[in-house]
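Here is a short tour to read with the model open beside you. Take the topics in any order you like.

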Amino acid sequence: MSYYRYGFAMALAMGAMSATSSRALAVSYATNVTKTGTTVNFILNSPADILSYSINGGAPILLDGTTKGAKTFNLTSAGDTFSIVADRTDAAGFTIPTGGAPIPGGGNALFTESPEAGLTTLSDDTSVLNRFSNPRGVSVSMNPNAPNFGTAYVANSAGTVTPGTQTIPASGIYPTRTVTGSGLYALRSDGADAYGYGDAAKNPLIDGFATWLDSSNNSPFRNYVAQDGSIYVADFSDANGSVVQVTPDLNTAINVLPGFGGNPTLPIDANHGSTTAVHVEGSLAGGDLKVYTIDEDLTSAQFGGASTTDQNSLWEYNIGSGPFPSAVIPTKIAEPLIPLATTDMQRGADGKWYLMQVRNGALNSPTLFVVSEDGSTVLFNSLEATRTLTANPTADRDILQYCNGVAVSPDQKWIAMILNIGDVAVMPLIDGIPDLANKMVVNTDPSVISGRDIAFDAAGNIHYVSSGQALYRVLAPGGHSVATTTWNGTEYVFGVVTVPGGGGLDGDFNDDDVVDGADFLVWQRGGSPNPLSAGDLNLWKTNFGQTAATSAVGSVPEPASLGLAVMGIAALAAARRRR
């Protein structure tokens, strides 16, 4: 990171400026990176204030980051290594409290009032591609080496007895859309149609039959993108309960486990019922595939065990190298959830399990459990945490009881939950345990039932779907972040560096503790407190060169240094226009 900051500052100010990087509140990043010969192509998920690439560790070269979408550059030779760095500044994010009035608690929301978190929407609410009639699941490809890195997959269930179309009416800025059938949709990180399928859900055939049923609200249900880019899809319907693997382009599907259907009484040879959630580790190609499910119908008695009431347990299928469909007998990992509830799960980077059950309005019933890696220990129970926080040992309302889905950030610093009302609740994680006392709520607006599912992408942005809003959205986190996608000659590596912002310096519009050329770019793009004002520009000029360490002693930059920096910025801007 220090090299990037030094290199960019030198290019920007032609040797006269301090080494720094700009403050990014939304995480812009390079996705779907491909290298063909000496040509590199990628998709930028959202506009970046600073977008650059470097070849073989050399000086950064600027690209146009003012627009999202397809970008390209050329290498010197096919054997070159390269890095793509994206940096962006926004005014708000879901990890930053707004300081405004708290979000009220109550039915369909968090049960107690909560501080409001900032809302920065990276997706486009006016795009017809973000409207869905009955969305049930969303997930994002997280592996930079997968062919669909950054692509989001939305599961939409038709919920109609007669196959056909569902029209979503226009409302305010939200356009009308008519979607067809049950199945999956794929959206690139920039919001474009990933494979050009338009309004028709992709519902590939298995053994000559459609994979998902138009007659169910829960077929397909939640989904998960594995490390190889394939999508594993849970089916929560009774008639069609299953786990299915789908190729990244959505054209081909196969049963992961044998057969379809889930009922309280399963056939004697069945190894699954209806599933609500799926998690995958390893791959068939690597010979180490493990599939985890939460199953509405499966009990230990199905495999000779004693319990007939441990439905909604977490099960592990050690499939190895396959093949599909696999008849392997699963191992029960954990069983804190109750039968019949709609459920969800996530796994943290340290192996902890986050198991959630929908408890809308229920009394004395926990919503969220955090369970140890081996499933033997419950580390967190949200009802007990509610009682501790409120100092009421008999409290019967779980603060989280109106949550419908759960997601954990890749760095395991945040947990996010989609509320029934459509808002998003966020909490810091401390050693993987939710910090309920510091919960916040993002007011997504419009507030309407029901929020359905939620996921993080590799950069830490939140993706959620709501059937009430009939929307798919992407929310930015906040914080100073620089996202880098690197080709090291063997594989792609992705990372996000978060740097705490200090603030408090006049003219330091990006809160990075130094007044420099990056702040001028923020002003130029309308990001200062008084956008494009002469007053803010003069504030920058007056304080140019100040740092947090020198501001107390009143260090003033030499006029020549300021002039050289301004000339460097002007030259850079002219060069970018010539491109």
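How many residues lie between strand 1 and strand 2 in their hairpin, and which residue in the turn has a positive phi? There are 2 residues between the strands, and Gly37 is the one in the turn with a positive phi, of about 65°. Please keep in mind that this is a predicted model. The chain has 579 residues, of which 56% count as buried, and its secondary structure comes to 5 helices and 36 strands.

**The chain as a whole**

- Contacts that reach far along the sequence are well represented: among those between residues at least 6 apart, 58% join residues at least 24 apart.

**The sheet that holds the hairpin**

- Strands 1, 2 and 5 form an open sheet in the order 1-2-5, with antiparallel pairing.
- Strand 1 and strand 5 are the edge strands, and each has a single partner, so one side of each is left without a neighbour in the sheet.
- From one strand to the next, the twist averages 20°.
- Strand 1 (residues 30-36) is joined to strand 2 (residues 39-44) by 5 bridges, in the antiparallel sense.
- On the other side of the pairing scheme, strand 2 and strand 5 (residues 69-74) are antiparallel too, with 6 bridges between them.
- Asn41 is a handy residue to click on: Thr34 stands opposite Asn41, and Asn41 in turn stands opposite Thr72 in strand 5.
- Phe42 has Lys71 in strand 5 as its bridge partner.

**A sheet of four strands**

- Further along the chain, 4 strands make an open sheet in the order 19-20-21-22, and here the pairing is antiparallel.
- Strand 19 (275-281) and strand 22 (331-334) stand at its edges; each has a single partner strand, so one side of each has no neighbour in the sheet.
- Neighbouring strands in this sheet are turned by 30° against each other on average, with direction ignored.
- Within the sheet, strand 20 (residues 289-295) runs antiparallel to strand 21 (residues 314-320), and 6 bridges join them.
- To find this pairing on screen, look for Leu289, whose bridge partner in strand 21 is Gly320.

**Helix 2 and its surroundings**

- Helix 2 spans residues 382-389, and its buried residues are Ser382, Leu383, Ala385, Thr386 and Arg387.
- What do these buried residues pack against? Their partners are strand 25 (368-371) and strand 26 (378-381).
- At the start of the helix, a side-chain oxygen of Asn381 comes to within 2.9 Å of the backbone nitrogen of Leu383.
- Just after the helix, Ala391 has a positive phi of about 55°.

**Helix 3 against helix 4**

- Helix 3 (residues 517-524) packs with helix 4 (residues 534-543) at an angle of about 175°, and their axes are 10 Å apart.
- Why do the two helices count as roughly antiparallel? Angles over 145 degrees fall in that class, so helix 3 is roughly antiparallel to helix 4.
- From helix 3, the contact involves Gly517, Asp519, Phe520 and Trp523; from helix 4, Asp536, Leu537 and Trp540 take part.
- By type, the residues of this contact divide into 4 nonpolar, 1 polar and 2 charged.

Note on methods. Residues numbered from 1 in each chain as written. Predicted model: local features only at pLDDT ≥ 70, side-chain atom pairs only at ≥ 80, totals over all residues. Heavy atoms only, no water. Buried < 20%, exposed > 50% of the residue type's maximum accessible area, 1.4 Å probe, protein only. Contact = heavy atoms within 4.5 Å. Polar contact = N/O pair within 3.5 Å; in protein donor to acceptor, adjacent residues only side chain to side chain. Pairing = 2+ DSSP bridges. Axes fitted to C-alpha atoms, helices over the stretch in contact; angles between N-to-C directions. Parallel < 35°, antiparallel > 145°, perpendicular 65-115°, else oblique. Nonpolar A, V, L, I, M, F, W, Y, C, P; charged D, E, K, R; others polar.
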